[in-house]
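User: I would like to learn how to read a structural model feature by feature, with the cut-offs spelled out each time. Could you take me through one in that way?

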Amino acid sequence: MKKFLLGPIGILIGLVVIVAIWAISSYNGLVALDQKALSQWGQVENAYQRRADLIPNLVETVKGAAAFEKDTFTAVTEARAKVGQINLGSNPASDPEAFAKFQQAQDGLSSALSRLMVVVEKYPDLKATQNFRDLQVQLESTENRITVERMRFNETAQAFNTKRMSFPTVIIANFMGKRFLEKTYFKAQAGAETAPKVSFK
């Protein structure tokens, strides 16, 4: 009788151990990918912060040559202030509403900066100054870096989301509640699919 009971108990213990190992492995895999996504999010924020830090110097440099373009300067300053007011929480990539507000504020700042650069085109003397050229190069470099960091974040978010939604890992993810919510992706700015119209009139 004891031998008969030991067989099923041994199998049951073996199954419990296998399920426990799988659950621990799935959980640890999600933690690793979640931390990688958070780290990459930090790089995105870092690139955006660098842009925000460049803006006051750029605005002051342009102001000196184009003092009467006040509407443009106000738009850039207000857009930068909106970016600084966004409260992202601890894991913004898992909060689609916070993520959308963040992206909307950043897109608004990009749009204001584009208008500032259009103003600069009217002032050839300003474009020729070394200080402005240095700031413009730094800003272009930062914009490129933002694009790269956003792409890398999307790749990291995709790896996390793929693992999170895969069976049977989705069971662990759902069991953990809000701990492993799906990550949101960066999307192109509204209207980015339409090529800008260039006029030399």
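Analyst: The turns below go from confidence and fold to cores, salt bridges and the surface.

User: What kind of model is this, and what conventions apply?

Analyst: This is a predicted model, in which local features need pLDDT of at least 70 and side-chain atom pairs count only at pLDDT 80 or more, while totals for chains, interfaces and linings use all residues. Residues are numbered from 1 along each chain as its sequence is written, and side-chain values use heavy atoms, with hydrogens and water left out.

User: What is the mean pLDDT of the protein chain, and which elements have the lowest and the highest values?

Analyst: As a general idea, pLDDT is the predictor's confidence in each residue, from 0 to 100. Here the mean for the protein chain is 83, and 88% of its residues reach 70 or more. Among the elements, helix α4 (residues 124-128) has the lowest mean pLDDT, 76, and α5 the highest, 92. Over residues 192-201 pLDDT stays under 50, and the model has zero contacts beyond four places in sequence for that stretch; contact means heavy atoms within 4.5 Å.

User: How many helices and strands are there in the protein chain?

Analyst: Both are read as DSSP runs numbered from the N terminus, helices being H or I with at least four residues and strands E with at least two. The protein chain has six helices and zero strands. Of the contacts with a separation of 6 or more, 80% are between residues 24 or more positions apart.

User: How much of the protein chain counts as buried, and how is a core read from that?

Analyst: Buried means under 20% relative accessible area, exposed over 50%, and partly exposed in between, with a 1.4 Å probe and protein chains only; by that measure 35% of the 201 residues are buried. In soluble globular proteins, nonpolar side chains tend to be buried together. A nonpolar core is accordingly defined as a set of buried Ala, Val, Leu, Ile, Met, Phe, Trp, Tyr and Cys residues joined through side-chain atoms within 4.5 Å. The largest core has 22 residues, of which Leu 58, Val 62, Val 76, Leu 113, Leu 116 and Phe 132 touch the most other members. Two or more residues come from each of α1, α2 (70-85), α3 (96-120) and α5, and α3 gives the largest share, eight residues. Apart from this core lies another, of twelve residues, among them Ala 47, Phe 99, Phe 102 and Phe 153.

User: Where is Val 62, and what does Val 62 touch?

Analyst: Val 62 is found in helix α1 and, at 0% relative accessibility, counts as buried. Not counting residues up to four places away in sequence, Val 62 touches Phe 73, Leu 116, Val 120, Leu 126 and Phe 132. The C-alpha atoms of Val 62 and Met 117, 55 residues apart along the chain, are separated by 9.4 Å.

User: How many salt bridges does the rule give, and which parts do they link?

Analyst: Side chains of opposite charge can pair when their charged atoms come close. The rule asks for a side-chain nitrogen of Lys or Arg within 4 Å of a carboxyl oxygen of Asp or Glu, and the count comes to five. One of them joins Lys 183 and Asp 34 at 2.4 Å, N to O; Lys 183 lies in the segment after α6 (169-175) and Asp 34 in helix α1, so the pair ties together parts that are 149 residues apart in sequence. Lys 183 and Asp 34 are both buried.

Another pairs Arg 51 with Glu 143 at 3.0 Å, N to O, linking helix α1 to helix α5 (residues 130-165) across 92 residues. Arg 51 is buried at 0% relative accessibility, whereas Glu 143 is partly exposed at 27%.

A further salt bridge joins Glu 149 and Arg 152, whose closest N and O atoms are 3.8 Å apart; being three residues apart in helix α5, they are separated by about one helical turn. Glu 149 is buried, with a relative accessible area of 6%, and Arg 152 is partly exposed, with 41%. Salt bridges that share partners also join Asp 34, Arg 179 and Lys 183 into one network.

User: Which residues make the nonpolar surface patch?

Analyst: Patches are made of residues with over 30% relative accessible area and no salt bridge, like charges being joined within 9 Å and nonpolar side chains (Val, Leu, Ile, Met, Phe, Trp, Tyr) within 5 Å. Accessible areas come from the Shrake-Rupley method with a 1.4 Å probe, and for residues only the protein chains shown count as cover. Here Ile 9, Ile 13, Val 17 and Ile 21 make a nonpolar patch of about 360 Å², with Ile 13 placed in helix α1 (residues 2-65). The protein chain exposes about 12800 Å², of which carbon and sulfur atoms supply 60%.
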